[in-house]
Amino acid sequence: MVAKLVIISLALLGCVVVSSAQDEWFDSEIEAWHFHTYFFEVNPRISAEVTAFRKALRAKINDGTFPECSLNDWAIGWDGPHPVSQFELCCNKTSFAVAHSFHTQNHGNLSVLVHPLTTLDQEDHKATRVSWMGAPVVLDEECPCLYPILPKPRPCPVYPDYADEIPTAQASRSKFLPIPGTEDYQRRDPSFNILTDPY
Ligand SMILES: *[C@@H]1O[C@H](CO)[C@@H](O)[C@H](O)[C@H]1NC(C)=O
Ligand SMILES: *[C@@H]1O[C@H](CO)[C@@H](O)[C@H](O)[C@H]1NC(C)=O
C-alpha cells in the first residue's frame, strides 16, 4: 500500500515537472537555430580551414541544399557572449536537419555551437539549451548584449552577401561592438531593431 502510494505520488510529481517544462517551451517555440563556428584568426591553418568551411556552407545555400539558411557576417575577436572569433549560420527550423547533418560531417577541427532562437535570448545561450560539435567554448552568459525576453520568436533574416574571406579585426569590430554597459543590443546604431534588423 505504502509502495503504491509512493509510486502514485512520484508519477504525479513527474507530470507536474514535465508539464511545467513543456509550458516554458510552449511559450517560446523555436523558430530558428544558430550554428556558430569558432576559430582563431591568428592561426593560419585554422583560418584556412574556417574559410573553406564557410565557403562550403555558402555553396550549400547557393545550390538550394539549405533553402532557409543565411550566413551572417564574421565577428573577429570578442563579440559577447562569444569570447573568440566566430561567424553564424542562421537556419529556420525547416532547414535545421540538413544544416545540422552538414556541420556534423564537415566541422573538422572547428568548434560549433548550436542554439535555438526563442523569445528567451539569454536562456538560449545557456548550457541547458545549447549543444556542441567539437570542444565547447566558454560563453559569457551574463553579457548584457543578450535579451532576457523578446516579444516574439524570431525567424532568420536573409543577410546580405557578406564576404567569405576573413576581414581584419578592425573592420569587424567597428561594426559589431555593442554599447558597453547598456541593456540595449544597439551595436552603436540607435536605430537598431532586434526584431526586424539582421543581427
Ligand atoms: C525564415 O522564415 C521567415 C518567415 O517565414 C522568412 O521571412 C525568412 O526569409 C526566412 N529566412 C531565410 C534565411 O530563409
Ligand atoms: C584538422 O587538423 C589536422 C592537423 O592538426 C589536419 O591534418 C587536418 O587536415 C585538419 N582538418 C581539416 C578538415 O582541415
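This passage describes the fold, the sheet, the core and the ligand surroundings of a predicted model.

The protein chain contains five helices and five strands. Followed along the sequence, these elements run in the pattern α-β-α-β-β-α-β-α-β-α. Of the 199 residues in the protein chain, 25% are buried. Contacts across the sequence are well represented: among those between residues at least 6 apart, 71% join residues at least 24 apart.

The five strands come together in an open sheet, and a reader tracing it will meet them in the order E2-E3-E1-E4-E5, with antiparallel pairing. Its edges are formed by strand E2 (69–75) and strand E5 (131–133), each of which pairs on one side only. From one strand to the next, the twist averages 20°. Helix H2 (residues 44–62) packs on this sheet and touches strand E1 (32–38), E2 and E3. The direction of H2 makes about 155° with that of E2. In general, strands of a sheet pair through backbone hydrogen bonds, in either a parallel or an antiparallel sense. Here, E2 and strand E3 (residues 86–92) are joined in the antiparallel sense over five bridges; within E3, Cys90 is the bridge partner of Ser70.

Strand E1 offers a helpful place to look at the interior, as it holds His36. This residue counts as buried because 24 other C-beta atoms lie within 10 Å, where 20 or more are required. Leaving aside residues up to four places away in sequence, His36 touches His82, Gln86, Glu88, Val112 and Leu113. Asn72 lies 36 residues from His36 in sequence, and their C-alpha atoms are 9.8 Å apart in space.

The largest nonpolar core comprises 25 residues. Within this core, the residues with the most contacts are Phe35, Cys69, Leu89 and Cys91. At least two core residues are supplied by each of E1, H2, E2, E3 and strand E4 (112–117). For Cys69, the residues touched, not counting those up to four places away in sequence, are Ile61, Leu89, Cys90, Cys91, Ser95, Ala99 and Cys156.

Cys69 also leads conveniently to the ligand, being one of the residues around ligand 1. Its companions in that shell are Glu68, Ser70, Asn92, Pro155, Cys156 and Val158. The shell around ligand 1 divides into four nonpolar residues, two polar and one charged. Two of the names are already familiar from the description above: Ser70, bridged to Cys90 in E3, and Cys156, touched by Cys69.

Key. Residues are numbered from 1 along each chain as its sequence is written. Chains are lettered from A and ligands numbered from 1 in the order in which they are written. This is a predicted model: local features need pLDDT of at least 70, side-chain atom pairs count only at pLDDT 80 or more; totals for chains, interfaces and linings use all residues. A residue is near a molecule or strand if its C-beta atom, placed from the backbone, lies within 6 Å of it. Ala, Val, Leu, Ile, Met, Phe, Trp, Tyr, Cys and Pro count as nonpolar, Asp, Glu, Lys and Arg as charged, and the others, Gly among them, as polar. Two strands pair if DSSP finds at least two bridges between them. Helices (H or I, at least four residues) and strands (E, at least two) are DSSP runs, numbered from the N terminus. Axes are lines fitted to C-alpha atoms, for helices over the stretch in contact, and angles run from 0 to 180 degrees between N-to-C directions. Two residues are in contact if their C-beta atoms, placed from the backbone, lie within 7 Å. A residue is buried if 20 or more other C-beta atoms lie within 10 Å of its own, exposed if 12 or fewer, and partly exposed in between; C-beta atoms are placed from the backbone. A nonpolar core is a set of buried Ala, Val, Leu, Ile, Met, Phe, Trp, Tyr and Cys residues joined through C-beta atoms within 7 Å.
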